[in-house]
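Open the model in a viewer and follow the stops below in order. Each one says what to select and what is there.

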Amino acid sequence: MDYSDTLLVPWYLAWCSIAILILHFCYEFIRPKYSTTQAREDGQNGLDAQRSGDGRFQNCVAAHGGVRIFAFKVARSVCCTLLLGLSVATLLIGRSAVYPGDRPDALNHYREPNQVLMNLIPNVSRWVEENKRDFMQSTVCVTFVSVVDFSAPVIANACAVIRELALYALPSRQLLA
Amino acid sequence: MLCLRANSSPERSKSSGSPTSSWLPIHLNCLLLGTFVVYCIRDLYPLCTYQLPPLDAPTSRDPILVYLLWTTISILFVVAIVIPLGMPRAYIPINPDDPSEVPAPEQVCSIFSFFIWSFLDPMVFLAYRNSHLTRDQLPILADSNKAVNLRAKIFPVSDITYLLRTPIFMFYVRRTAS
């Protein structure tokens, strides 16, 4: 198994990103509590965001910086979810496909396994050796899972907005009926 | 946990540091851009050559997989290039106690618009249609360029006692004295 394949780069990037975020979160957790002035600023900003709209719809949108920014964020979240679906579909459909990067003896590659890895985690490493392409495609899926996780708050807020709009629309429909 | 923290308001002032939530879009954009670059190197660059095939397009010419590949690359282009460059920026006041009522276009325009200065297009077209622009029709001054904020930013640095306290200056004094 060649771990220097370029298709693994997003996977490495995702792990680096997660590691940096965990370190940053730990730093935020252990650093001294922020000052009263800063707390007042944050509280004021929160109040401004609450005052900027009448309902939860406006609050959700205002918390993201406005309608245009929120629309861009929702579009990005939808695209990230689509990417996850496309990568999973490629993984499932392309299991029997042969790619240009595959060596002619790719199917027999498991006969020369990496003994160190095999001893450590025998089942997983054997599967990786036997299904190199599936493994690399699954790393792309994992990358997009982390991407969708990053944009999950926007998806949650978009769902809240849709719910609010549905609640607004429902009474009028009932009145019409 | 990260999702919950990312719900905080983006109107946080610059002086209050950089919380984890403000790092999430940067991580997301870097991750997506890295993935797009990888797909460009693997699948788009070979199309510019005569003999190299795209590495992720199957040799069996399976149409569904080919469609999936180019759809993935198209969406990656949108989400990694178009959206980060075209998304307007949230207004972050320099001084949270004195924010602008109407933020300057320079501060809220998209990065692409900032690069090509297209946020000034409305004023240019207005000047093209009129013989004279009044003072009210000019774009407002960004609060990052206001004298009050510039003074608050520059004066502590230009103060001689600040320079004396910097380690680089002390290092230079010690080297010169020795």
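Begin with B:Phe114, which is partly exposed, with a relative accessible area of 33%. Keep in mind throughout that this is a predicted model.

**Around B:Phe114**

Show the backbone as a cartoon and find helix H5 of chain B, where B:Phe114 lies. Now add the side chains of B:Leu85, B:Ile111, B:Phe112, B:Phe114, B:Phe115 and B:Ile116: together they make a nonpolar surface patch of about 560 Å². Helix H5, residues 111-116, supplies the largest share of that patch, five residues. B:Phe114 can be a member because its relative accessible area is 33%, and patches are made of residues with over 30%.

Next select B:Trp117 and B:Phe119 along with B:Phe114; the three form one aromatic cluster. Then add B:Arg89. Where is its charged end? The charged end of B:Arg89 sits over the ring of B:Phe114, 5.3 Å from the ring centre.

**An aromatic pair in chain A**

Over all chains, the structure holds four aromatic pairs. One of them is formed by A:Trp11 and A:Tyr12, with 6.0 Å centre to centre and 40° between the planes, a tilted arrangement. The pair counts as tilted because planes under 30 degrees apart would be stacked and those over 60 edge-to-face. Of these two residues, take A:Tyr12 on its own: it is partly exposed, with a relative accessible area of 34%.

**A:Leu7 and its surroundings**

Move back along chain A to A:Leu7, in the segment before helix H1 (9-30). Is this residue buried or exposed? A:Leu7 is buried, with a relative accessible area of 0%. To see what surrounds the residue, select its contacts, leaving out residues up to four places away in sequence. In chain A, A:Leu7 touches A:Arg133, A:Met136, A:Gln137, A:Thr139 and A:Val140. In chain B, A:Leu7 touches B:Val38, B:Tyr39, B:Arg42 and B:Asp56. For a distance check, draw a line between the C-alpha atoms of A:Leu7 and A:Thr143: they are 136 residues apart along the chain and separated by 11 Å.

**Chain A as a whole**

Zoom out and hide chain B. Chain A has eight helices and zero strands, and its 177 residues include a buried share of 38%. Among its contacts between residues at least 6 apart in sequence, 71% join residues at least 24 apart. Chain A exposes about 10700 Å², and carbon and sulfur atoms supply 66% of that area.

**Two loops of chain B**

Bring chain B back and select B:Pro58, in the loop between helix H2 (20-44) and helix H3 (63-86). B:Pro58 is buried, with a relative accessible area of 1%. Which residues does B:Pro58 touch, not counting residues up to four places away in sequence? They are A:Ala97, A:Val98 and A:Tyr99 in chain A, and B:Leu65 and B:Val66 in chain B. Now measure out to B:Arg135: B:Pro58 and B:Arg135 are 77 residues apart in sequence and 62 Å apart in space, C-alpha to C-alpha.

The last stop is B:Ser100, in the loop between H3 and helix H4 (105-108) of chain B. B:Ser100 has a relative accessible area of 15%, and is therefore classed as buried, the cut-off being under 20%. Leaving aside neighbours within four places in sequence, B:Ser100 is in contact with B:Tyr91, B:Asp143 and B:Lys146.

Note on methods
Residues numbered from 1 in each chain as written. Chains lettered and ligands numbered in written order. Predicted model: local features only at pLDDT ≥ 70, side-chain atom pairs only at ≥ 80, totals over all residues. Heavy atoms only, no water. Patch = residues over 30% accessible without salt bridge, like charges linked within 9 Å, V, L, I, M, F, W, Y side chains within 5 Å. Areas by Shrake-Rupley, 256 points an atom, 1.4 Å probe, with all protein chains shown as cover. Salt bridge = Lys/Arg side-chain N within 4 Å of Asp/Glu carboxyl O. Helix = DSSP H or I, 4+ residues; strand = E, 2+ residues; numbered from the N terminus. Buried < 20%, exposed > 50% of the residue type's maximum accessible area, 1.4 Å probe, protein only. Phe/Tyr/Trp six-rings, centres within 6.5 Å; stacked < 30°, edge-to-face > 60°. Lys NZ or Arg CZ within 6 Å of the ring centre and 35° of its normal. Contact = heavy atoms within 4.5 Å.
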